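Here's a quick briefing to read with the structure open beside you. Take the topics in any order you like.

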Amino acid sequence: MPAHTILFWVTLPVLLGVILYQIGLQTLLPASIHEYAGFKVFRSLFEDTHCYTSVTTLSSGLPNAECFSVSNGRFSRVFEYDLIKQDSSFDAVKDARAGHVYPGLWDGHGHLVQYGELLNSVNLFGSESMAEVQDRLVQYKADHPEEGTNQHWMRGVGWDQAKFNSNWPTTSDLEINEAFKGQYVMLDRVDVHCIWVSDKVLDLLPSPLPEVPAGGEIVAKGVFCDNAMEMVLEHYPKPGKDRKTKFVKDAMDELNKLGIVGMHDAGVVPSELMLYEELSDDKDWTVRVNAMIECDARNTFCPHDVKKFSTPNGKFHVRSVKLFGDGALGSWGSAMIDPYSDKETSTGSLLVNATVLSSLTHNWAAEGYQVNIHAIGDHANRLAVDAFEITLKLQCPEITKLKRCQQEKFRFRIEHAQIIHPDDQRRMFELGIIPSIQPTHATSDMGYAESRLGKQRTADEAYRMRSLLPLGPVLGSDFPVEPANIFEGMYAATTRRSPRTGLDLSGGKIGWYPEETLTVEDALKGFTTNPAYGAFLDGKAGVIQEGAWADWIVLDEPLEGLDLEDLRKVTVRETWVGGELVYQRPGH
Ligand SMILES: *[C@@H]1O[C@H](CO)[C@@H](O)[C@H](O)[C@H]1NC(C)=O
Ligand SMILES: [Zn+2]
């Protein structure tokens with residue numbers, strides 16, 4: 001046989017092997033081949049193996065390990081360190097790296113573009129005086145001279161008139177120096193319920209000012225609150241594609257720093273879905289996004305504007321829809337069965353009636369979409385459960401198997417699920433409806449929740465976590481409404497105390513309704529395996545096991561046994577997405 005023929009027959013199987021391996025077929029090969037020593041050497045060419053002090057996998061097969069191998073962006077094996085000692089083909093792994101590994105974290109409810117927008121605005125949080133606010137504005141303007149035009153207003157958030165001796169700010173406070181003359185500036189109050197604008201922005205409004213809409217107020221020259229904000233916002237030049245792209249990328253950078261590898265984007269309009277799809281192939285798209293569709297007109301049916309799909313790289317997924325039941329508790333906007341305890345003439349307001357909510361839910365479900373309904377008040381939660389029940393009955397032929405149908409086909413969720421009548425909590429259990437909960441909302445709202453709801457309703461219905469645990473609650477932050485830091489969310493869930501102050505409502509350490517606390521382990525599942533399940537990504541995300549995406553974080557200390565007081569201050573050492581290091585804490 002000529003030499004080149006021999007060479008051909010020797011090279012061909014190797015090449016085929018390489019190709020098969022690269023396209024991920026190694027998991028299909030029989031185990032006996034995996035154990036063949038020659039194969040191991042071969043495999044190590046295409047795998048990266050990582051060992052750490054400990055690896056918490058959240059996988060029932062092997063809950064604790066020290067090492068895993070990654071190939072093609074997925075975990076190809078997870079194993080104990082002892083195995084390496086017996087196997088010479090692992091020479092490449094000289095020593096285990098320090099640190100404790102967990103599956104990469106997921107936020108079950110956030111807003112990506114809005115978070116990026118917040119990062120691209122003046123941070124006024126914590127400023128203690130008007131002088132400090134003005135200093136920060138001047139500093140920001142020096143760093144961003146291009147902002148402040150009529151097409152690109154300077155934005156900021158975090159001021160509080162309580163720090164201005166309780167005087168509302170006015171437009172003249174924004175005439176800080178020469179650089180601020182003629183600038184377009186819009187600054188959100190700390191609770192985003194008022195905006196404070198410059199004279200230039202005010203000039204865009206008709207003069208004299210039209211009547212202020214109901215539920216709104218202009219509290220000072222240039223300060224518009226609640227429903228009056230719309231008078232200004234209709235003139236706000238919405239960010240275009242370039243700026244939205246920057247918002248997305250800045251947001252992802254920041255989320256990676258917090259150990260976040262994936263998020264559920266709770267309301268993405270069709271044009272943004274298209275932008276995401278385009279960007280999700282980029283190297284710096286480093287957070288997996290499961291987007292909930294929001295039609296251009298809220299609470300409508302728009303199947304022709306969207307499609308159900310996942311990108312091949314697993315970085316972007318669309319198969320759910322967001323509907324909106326009601327508003328927020330703070331402004332008495334959430335829809336209640338019985339009147340508010342501190343406003344007895346009001347039961348809040350529904351954004352949609354029961355008939356429309358059910359038919360929308362059913363229409364989307366019939367197209368194969370998961371439906372996620374925003375519901376805060378107990379009336380809105382009841383209508384959400386009604387809509388899901390009606391839909392399941394219509395969609396599932398065997399009425400005795402509604403729960404199974406929900407789990408296998410729909411996984412309907414309630415976003416926020418804040419105040420739920422005991423009857424409806426029972427119905428959620430019967431149907432297996434998934435609550436999507438933001439633990440920091442509980443600690444942010446605890447100051448007024450009981451006066452809105454009264455003692456009994458608060459105790460029986462509000463901000464439940466442990467009571468809903470068997471439903472596999474998806475946990476999130478609702479960033480940018482709350483900080484995106486998941487360890488603060490875990491702290492709020494495990495202590496029912498404010499992650500900012502470390503204290504409960506009465507300034508103590510017992511926690512607000514401490515019977516609703518979660519364990520650290522359950523809170524961790526709420527930010528990993530539960531959001532994976534709630535996005536039909538179970539087995540792929542939130543877990544370290546063969547075949548799952550190779551997303552993990554490294555912490556200095558294990559979470560188990562950590563003093564709860566330290567939980568809110570945890571920072572991550574490394575974040576990995578698809579086997580790539582996307583964040584490393586400086587100094588490591
Ligand atoms: C529900 O709302 C829709 C649309 O606003 C309206 O057409 C319909 O009459 C309402 N149904 C009931 C029962 O109020
Ligand atoms: Zn939200």
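What follows is a short tour of a metal site, two helix pairs and a few backbone oddities. Keep in mind that this is a predicted model. The zinc ion (ligand 2) takes its protein donors from His 109, His 111 and Asp 478, and helix α12 packs with helix α14 at an angle of about 30 degrees.

**Zinc site**
- The zinc ion (ligand 2) is held by NE2 of His 109, NE2 of His 111 and OD of Asp 478, at 2.1 to 2.2 Å.
- Along the chain, these donors are spaced as H-x1-H-x366-D.
- Both His 109 and His 111 are buried.

**Helices α12 and α14**
- Packing of two helices comes down to the angle between their axes and the distance between those axes.
- For α12 (residues 378-395) and α14 (residues 422-431), the axes sit 10 Å apart at an angle of about 30 degrees.
- Angles under 35 degrees count as roughly parallel, so α12 and α14 get that label.
- The α12/α14 crossing is left-handed.
- On the α12 side the contact uses Asp 378, Arg 382, Val 385, Asp 386, Glu 389 and Leu 392, and they meet Asp 423, Asp 424, Arg 427, Met 428 and Leu 431 of α14.
- Sorted by type, the residues in this α12/α14 contact are seven charged, four nonpolar and no polar.

**Helices α9 and α10**
- Helix α9 (residues 241-257) and helix α10 (residues 270-279) cross at roughly 60 degrees, and their axes come within 11 Å.
- That angle makes α9 oblique to α10.
- The crossing of α9 and α10 is right-handed.
- Lys 241, Lys 244, Thr 245, Val 248 and Lys 249 from α9 touch Glu 272, Leu 275, Tyr 276, Glu 278 and Leu 279 from α10.
- The α9/α10 contact residues come out as five charged, four nonpolar and one polar.

**Backbone oddities**
- Most peptide bonds are trans, and most residues other than glycine have a negative phi.
- The Ser 207 to Pro 208 bond is cis, with omega near -5 degrees, and Pro 208 belongs to the loop between α7 and β10.
- Another cis bond runs from Phe 479 to Pro 480, with omega near 5 degrees; Pro 480 is in the loop between β19 and α16.
- Arg 411 has a positive phi, near 50 degrees, and is found in the loop between α13 and β17.
- Arg 411 counts as buried because its relative accessibility is 9%.
- Ala 417 also has a positive phi, near 45 degrees, in the loop between β17 and α14.
- With 2% relative accessibility, Ala 417 is buried too.

Key. Residues numbered from 1 in each chain as written. Chains lettered and ligands numbered in written order. Predicted model: local features only at pLDDT ≥ 70, side-chain atom pairs only at ≥ 80, totals over all residues. Heavy atoms only, no water. Donors = N, O, S within 2.8 Å, 3.2 Å for Na, K, Ca; no water. Buried < 20%, exposed > 50% of the residue type's maximum accessible area, 1.4 Å probe, protein only. Axes fitted to C-alpha atoms, helices over the stretch in contact; angles between N-to-C directions. Helix = DSSP H or I, 4+ residues; strand = E, 2+ residues; numbered from the N terminus. Parallel < 35°, antiparallel > 145°, perpendicular 65-115°, else oblique. Left-handed = near helix turned anticlockwise from the far one by under 90°. Contact = heavy atoms within 4.5 Å. Nonpolar A, V, L, I, M, F, W, Y, C, P; charged D, E, K, R; others polar.
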